[in-house]
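Me: Hey, can you walk me through this one? I'd like to start with any enclosed space inside and then go over the sheets.

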Amino acid sequence: MPSIESQLADLRARSLFRKLREVTSPQGTTIRCDGKALTNFSSNDYLGLANEPWLREAAKHAIDEFGVGAGASRLVCGNLSAHAHLEKKLAAFKRTEAALTFSSGYATAVGTLQALLGKDDIVILDKLCHASLIDGARASGAIIRVFPHHKLDALESHLRWARTTQAQDARVLVCTESVFSMDGDRAPLAEIVEMKNRFGAMLMLDEAHAVGVFGKNGRGLADELGLADQVEVQMGTLGKAFGVSGGYIAGSRHLIELLVNRARPLIYSTAPPPALAATSAAVIDFLMTDAGEQRRQLLTENLRLFSENVSAAILRPRGVQSAIIPVMIGNEDAALAAAQWLQEEGFLIPAIRFPTVALGTARLRVTISASHTTEQINRLCESLGRLAKRLSG
């Protein structure tokens, strides 16, 4: 086993070393990072809610009512009414029988897959699924099959294999994201739903980067496409467009009862602070209003503005499909240099490298918020245009 020091030296040599940045301001389109004011195009706070004054007040009110801690796991004495209230709102928001919240999106994915699958079951994942879904699939002990990104013929082959060579009572679960976190592209959901229905499989859909962005009142991409009622396991996050923290599963009452009894991150973790639950419930109320829809439309307008003004060399053929726009670079050293150059231009857009993405596919991950101003977006487009020339020259 190599020493810790040699492992760190190897990471540095391959331009894969990371360190934490200290942010000394609230989240927003301008933050103070490592002592410097930067325009922030790296956050998942798509609706600009993380530092919203009325949400801060909702959190303060909840602290006054419930205190700062839940005291225990939710099955012991930590299931406060704030959590129960949020889950009722989430179920109504997602139009499902029930919902269950977890302390993080990672815990949601791992706990759900462990609870649903056993060693005789099969889970089929898109190759670019989030690390939490991959880790959950591995931890479940199920048979894992992976299909190349969006390659539906490979998915169909895996489903046919599962139904013809494995035990007929095996649970077969297809797992994908609706909007992929590092590429920003959308899954071909209609085709996936048709295919899983044809082979009698279940679908677990991670809507982390779609909730709040797509669908009526921000219910997600499956809702926008009229497919939500055909997704058995609807996963989402409270830490991106919601601006808070945590994750959830929405689905049938029986699904949620199974998770309560088998999802280890829920059973063996202290419940999240009740103020987070109360604040997330306030976000749902906001999304259901005209003001919430206007905020979502503002994000759409900002994405249109970016798309119309940024260099075509930046967008590549894929264009803008979501609030996530990858600027593909490839080489890890070059990606770090590009991120540093943009920081000198006044922007925070860190380089994304292995293992978050495959070796040789390093990129900058630009994210657009409803709170970005026209001037901020135009400045970014100008800088990215100059960056594109530097990269091609």
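Me: Which residues line the largest cavity?
Reply: In this predicted model, the lining is made up of Arg-74, Thr-101, Phe-102, Ser-103, Ala-107, Pro-265, Leu-266, Ser-269, Thr-270, Ala-271 and Pro-272. Two elements, β3 (98-102) and α11 (264-267), each give two or more residues to that lining.

Me: How many of those are nonpolar, polar and charged?
Reply: The lining has 6 nonpolar, 4 polar and 1 charged residues.

Me: And how much space is in there?
Reply: About 60 Å³ lies in the largest cavity. The count is 1 cavity of 30 Å³ or more.

Me: OK, sheets now. What's the strand order in the one with 7 strands?
Reply: The order is β3-β9-β8-β7-β6-β4-β5, in an open sheet with mixed pairing. β3 and β5 (143-147) stand at the edges with a single partner strand each, so one side of each has no neighbour in the sheet. On average, neighbouring strands here are turned by 20° against each other, ignoring direction.

Me: Do β4 and β6 pair in the parallel or the antiparallel sense?
Reply: Parallel: strand β4 (residues 122-126) and strand β6 (residues 172-177) pair over 4 bridges. In that pairing, Val-174 in β6 is the bridge partner of Ile-124.

Me: What packs on that sheet?
Reply: Helix α8 (residues 189-198) does, touching β6 and β7, and its direction makes about 155° with that of β7. There's also helix α6 (residues 131-140), which lies across β4, β5, β6, β7 (202-206) and β8 (233-237) and runs at about 160° to β4.

Me: Back to Ile-124 for a sec. Is it buried or exposed?
Reply: Ile-124, which lies in strand β4, is buried, because its relative accessible area is 0% and the cut-off for buried is under 20%.

Me: What is Ile-124 in contact with, leaving aside its neighbours within four places in sequence?
Reply: Its contacts are Arg-145, Phe-147, Leu-155, His-158, Leu-159, Val-172, Leu-173, Val-174 and Cys-175. Take Arg-145: it is 21 residues apart from Ile-124 along the chain, with 4.7 Å separating the C-alpha atoms.

Me: Let's switch to the sheet with 3 strands. What's the order there?
Reply: That open sheet runs β1-β2-β11, and the pairing is mixed. Its edge strands are β1 (30-33) and β11 (347-348), each pairing on one side only. β1 pairs with strand β2 (residues 36-40) in the antiparallel sense over 4 bridges. Cys-33 stands opposite Lys-36 in β2.

Me: How about β10, how many of its residues are buried?
Reply: 5 of the 7 residues in strand β10 (residues 324-330) are buried, and the strand is mostly covered. β10 pairs with strand β13 (residues 362-367), antiparallel, over 6 bridges. One bridge there has Val-327 facing its partner Leu-364 in β13.

Me: Last one, Gln-321. Where is it?
Reply: Gln-321 lies in the loop between α14 (312-315) and β10. With a relative accessible area of 23%, Gln-321 counts as partly exposed, because that class runs between the 20% and 50% cut-offs.

Me: And what does Gln-321 contact, again leaving aside neighbours within four places in sequence?
Reply: Gly-184, Asp-185, Arg-186 and Phe-214. As for Ser-307, which is 14 residues apart from Gln-321 along the chain, the two C-alpha atoms are separated by 9.9 Å.

Technical notes
Residues are numbered from 1 along each chain as its sequence is written. This is a predicted model: local features need pLDDT of at least 70, side-chain atom pairs count only at pLDDT 80 or more; totals for chains, interfaces and linings use all residues. Side-chain values use heavy atoms; hydrogens and water are left out. On a 1 Å grid over the protein atoms alone, a cavity is a set of points where a 1.4 Å probe fits but cannot get out, and a pocket is an open set with protein on both sides within 12 Å along at least five of seven lines; lining residues have an atom within 4 Å of a point. Grid points are joined across faces, edges and corners, and a volume is the space filled by probe spheres set on the points. Ala, Val, Leu, Ile, Met, Phe, Trp, Tyr, Cys and Pro count as nonpolar, Asp, Glu, Lys and Arg as charged, and the others, Gly among them, as polar. Two strands pair if DSSP finds at least two bridges between them. Axes are lines fitted to C-alpha atoms, for helices over the stretch in contact, and angles run from 0 to 180 degrees between N-to-C directions. Contact means heavy atoms within 4.5 Å. Buried means under 20% relative accessible area, exposed over 50%, partly exposed in between (1.4 Å probe, protein chains only).
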